[in-house]
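Let's take a walk through this model, pocket by pocket and then out along the chain. Have the structure open and follow along.

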Amino acid sequence: MSNFETDAEHLTRLAVPVHEVTVHEVTIPEARVLDLAGSGWTVREALGMTWQWYVNAPAPTAGNNVADAVEAAMRTPGWLPASVPGAVIADLVKAGELDDPFRARNSRHAEWVPERSWVYRRSVELPPVSTNHRSAGQRIVLEIDGIDPGGAIFWNGVLVGEVHGLYRRTRIDLTGAVPESEAGEGVRGQLAIVVEPSPDSEPQVGRTDRVRVHAPRMGYGWDFSPRMRHQGIWKGIRIITGQVLIADVTARAELADDGSAGTVTVTAKVGPPPGSASLPVSLEVSLWDGDREVATRSVTTSRATGWPGDIRVTLAVPDPKRWWPNGFGEQSLYRLTVTARVGEAFMTCMRPVGFRTVAMVQNPGSPSGALAYTAIVNGVEIPLLGWNWVPASSLYGTISRERIDHLVGLAARSGARLLRVWGGGLIESEDFYEACDRAGLLVWQEFSQSSSGMQSAPATDDAFVAHMREEAEAVIPQLVHHPSLLMWGGGNELDEGGVPLTEARSPVLATLRDTVSRLDPGRHWVATSPTGPEFHNRLDRIRDNRDGQHDVHGPWEHQGLVDHYTLYNAGSSLAHTEFGVEGMTNLRSLDALVPADDRWPTDRSNPVYRHLGEWWNNAELVQASFGARIETVEAMVRASQLLQATGLQYAIEADRRRAPRSSMVIPWQLHESYPNAWCTSSVDYRGDAKPAYHAVSRAFLADRVTIRTERAVWHGEETARAEAWVWSERGVGATEVVLRVRDAFGTVVAESTRAVAEVSRPTQALSLEVPVASLRAGASPVFVWEAEWLDGANVIDREVSIASAAADWRDLFDLPAATVEIVTTADPGDPLTWLVSIRHRSGPLVPGLAVTDARPVTAAGYSVIEGDPRPLLPGEKREYRVRWDVAAMRTDWALLDPPLILDSWNAGTHAIPGPRATETDRI
């Protein structure tokens, strides 16, 4: 979102009202904005220094025929249509210069792009200003929010500014470049921006001490992203005209511990008109709750003796509403307006702010020396369940607000409270933070630093330390006003000798800590994640140093149908901030990603699959887990996703069963930045949830019954054992827990019931043992553990976990066919929401039941489909809610009856009929 966007509905970071004005001879008092975002740009490549030929500058002099070459080049076609914000590669794809880099191995065709400079150019008609604008004290300022990796800016062929680093904003005064006689005549100018080649840096397997830039590492080649370095004007750009300009606003909202009062401290960089530095500058700060002004204060100062000058105001706010994390209350947000005036001239900016208290405290039972991993927000302990967040696209200049809203919305719907912004990616955007503010998602923002395969400690020289201090000074003030911002981190997996770094052993981390403390005092800080002292959540490390498992990472792979349960049952960490399970993408995305002739085999012997997620291709383990019975792509997708869903759910629930000693549980990863065939993401690149997402959503429930067991297969064991555990974040009174074993046809083989007193912290309710021989006696060795938590006739929660009395899960392929009945109705109050009812009619249980979007991936908008990873038992009815994106419905009338598919292991694949919409003109 641009600094000066005027959409108040979205509580933009910086907004300016724009009204119709008449051009007067002397002055136009209100600052005006010309947004230069959009498709009015052109771009062309430049090798070496040929960019000088394309910026409308005079031809350079040289002792050869360079002048003639320039003249010829300027007459040569080659300018391609482009968009800003955007990415060079995306513009080349749209222009037909590159194949789609998000298909097959096409990303390799784009690896040459960042070796060149790229010239972006457009004509600009300036907003009206006074005819005698300089003498009238009016300024004309170009503002650019971000060029990746940096670039040079030319106005009518004259170099007017440079920016180095994608997080650096720049403001360039063009006042002197516009002749006075032309200013009131709607003068046109030529703006050219030369985007620099992408600098060399380290891919994932490299050395962190050779990294010299503060930028996302993943584009240089990562386990979930092929080498595809980003370039472009990736954030907003605009021209501001006016007599008084606000260059920037920093706002910090604080709440008294008892919630009785709040304060907002505002620092505004304000510049008076040229030649009027002695005039008083008035700054009016107001706080709005909707249309109601709840507090205001105005100060007048003559301190602003140059441009920009800082003016500081503290606003008292009586009895403010509190902002709460997701699931704990309302996300109350206020609109802060800041208006600067010099005489009749004025400019207004806006920030969203919210009030909450936060304290990070040690976990109960923490070993000596452990850091604080428990969050107390507004006096309430908040279990920090969440997701690791990566950029929503490798071409991050192309990320839309709608895409961010969709992904953040999925995170919130899963029950998450926290997003860890991974240090191999971005300092996230304003769109992202505003979405988190609205959704109640706390944010752990890491600086763009990450480990490497060969060496993982940042450089220590003075120049790099100074560079990172300057980077922190550039980014921290942009984010401090967001109530969602919980904490800062120095980077991802920064360690030396296998031990996570501390500030005492890294001058860069010490500098970042000190800069955060100075510019964002009181906000929580950690040097890196994991914080250690142990790095790995590994069985040998748990056994050797159980009390050293404070904040740990890993593993990211399914450990097998026995070892996975052994590892996670043994866990002892206080915080588990990165771990995952791999699986294939959804069939809908796979069809768009991999050409039909390249889809089999799905293992690493296939070069297309090696390119699309080789690190996470566990086809060998999946085949072993299913008795080498997988013979089709569809079967591999279904089997790998079942392992991912059950494995990730079990890992999270094992961590949660150790609460409150375990307080942070953050799986890797919500979504992916690049469409992979195999990945650890729970949402695919297209924005469709995988079964793992729905499994995690169940594991995140506030009131939960879970099943603790030793393994998923019981061959060679005499007795199968399981425990039912319950917890409630808000507490419940006396209840009852039932634990059963059912065979594949739903018959109860064994059952146990126990009354449970008041429940809050995780509690083992009861256990159940069954002879394995009795589980092999039926028609199928497949069986399920079923746990029900009952409050009288009310089911608080119910869990069904699949298992087998055999050595693997191959018998899922031999389950007899089941039949289901499908009925779809539209929500009476909302035709964009469908209710899909699935009733089991005959046959055995149905694993892997899923409702999915079957439209082409190019179809407009998103579908949000509720899912349930549990097997459907005989006689059971299940309802899925499907929400269609409103914008898509308005642009694609075919969505009035869009295709959905019901998929499963043994109930067939069915097209789901949609309810026929009526009175469509109302949508």
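Start with the largest pocket, which has a volume of about 1,200 Å³. Before going on, a word on what we're looking at: this is a predicted model, where local features need pLDDT of at least 70, side-chain atom pairs count only at pLDDT 80 or more, and totals for chains, interfaces and linings use all residues. Residues are numbered from 1 along each chain as its sequence is written, and side-chain values use heavy atoms, with hydrogens and water left out.

Pockets are found on a 1 Å grid over the protein atoms alone: a pocket is an open set of points where a 1.4 Å probe fits, with protein on both sides within 12 Å along at least five of seven lines, and lining residues have an atom within 4 Å of a point. Grid points are joined across faces, edges and corners, and the volume is the space filled by probe spheres set on the points.

Now look at what surrounds that space. The largest pocket is lined by 50 residues, and A689, H694, A850, V851 and T852 are the closest to its centre. Helices and strands here are DSSP runs (H or I, at least four residues, for helices; E, at least two, for strands), numbered from the N terminus. At least two lining residues apiece come from the helices α3 (401–413), α9 (587–593), α12 (633–656) and α13 (691–699), and from the strands β44 (850–853), β45 (863–865), β46 (877–884) and β47 (900–903). The largest share belongs to α12, with seven residues. By class, the lining splits into 20 nonpolar, 13 polar and 17 charged residues, where Ala, Val, Leu, Ile, Met, Phe, Trp, Tyr, Cys and Pro count as nonpolar, Asp, Glu, Lys and Arg as charged, and the others, Gly among them, as polar.

Stay with α13 for a moment. Eight of its nine residues are buried, meaning under 20% relative accessible area; exposed means over 50%, and partly exposed is in between (1.4 Å probe, protein chains only). The buried ones are A692, Y693, H694, A695, V696, S697, R698 and A699. H694 should ring a bell, since it is among the residues closest to the centre of the largest pocket.

On to the second largest pocket, which holds about 890 Å³ of space. Of its 30 lining residues, F102, T398, R403, Y685 and R686 are the closest to the centre. Both α2 (88–94) and α9 supply at least two residues of this lining, and α2 gives the most, with four. The classes here come to 14 nonpolar, eight polar and eight charged residues.

Follow the chain on from α2 and there's a backbone oddity. A104 sits in the loop between α2 and β4 (117–125), and its phi is near 50°, a positive value in a residue other than glycine. Most residues other than glycine have a negative phi, and most peptide bonds are trans. At 11% relative accessibility, A104 counts as buried. D319, in the loop between β17 (309–318) and β18 (334–342), also has a positive phi, about 45°, although it is not a glycine. D319 is exposed, however, with a relative accessible area of 61%.

The loop between β29 (524–526) and α7 (539–544) is where P530 is found, and P533 lies there too. A cis peptide bond joins S529 and P530, with omega about 0°. The bond from G532 to P533 is cis as well, with omega near 10°.

Next, a sheet. β20, β21 and β22 form an open sheet in that order, with antiparallel pairing; two strands pair if DSSP finds at least two bridges between them. β20 (358–361) and β22 (380–382) stand at the edges with a single partner strand each, so one side of each has no neighbour in the sheet. From one strand to the next, the twist averages 35°, taken between N-to-C directions on a scale from 0 to 180 degrees, with axes as lines fitted to C-alpha atoms (for helices, over the stretch in contact). β21 (residues 374–377) pairs with β22 over three bridges, and I376 stands opposite E381 in β22.

One last stop is S780, in the loop between α14 (772–776) and β40 (782–791). At 12% relative accessibility, S780 counts as buried. Leaving out residues up to four places away in sequence, S780 touches A744, L775, D811 and L815, a contact being heavy atoms within 4.5 Å.

Finally, zoom out. The protein chain has 15 helices and 48 strands, and buried residues make up 61% of its 923 residues. Among contacts between residues at least 6 apart in sequence, 72% join residues at least 24 apart.
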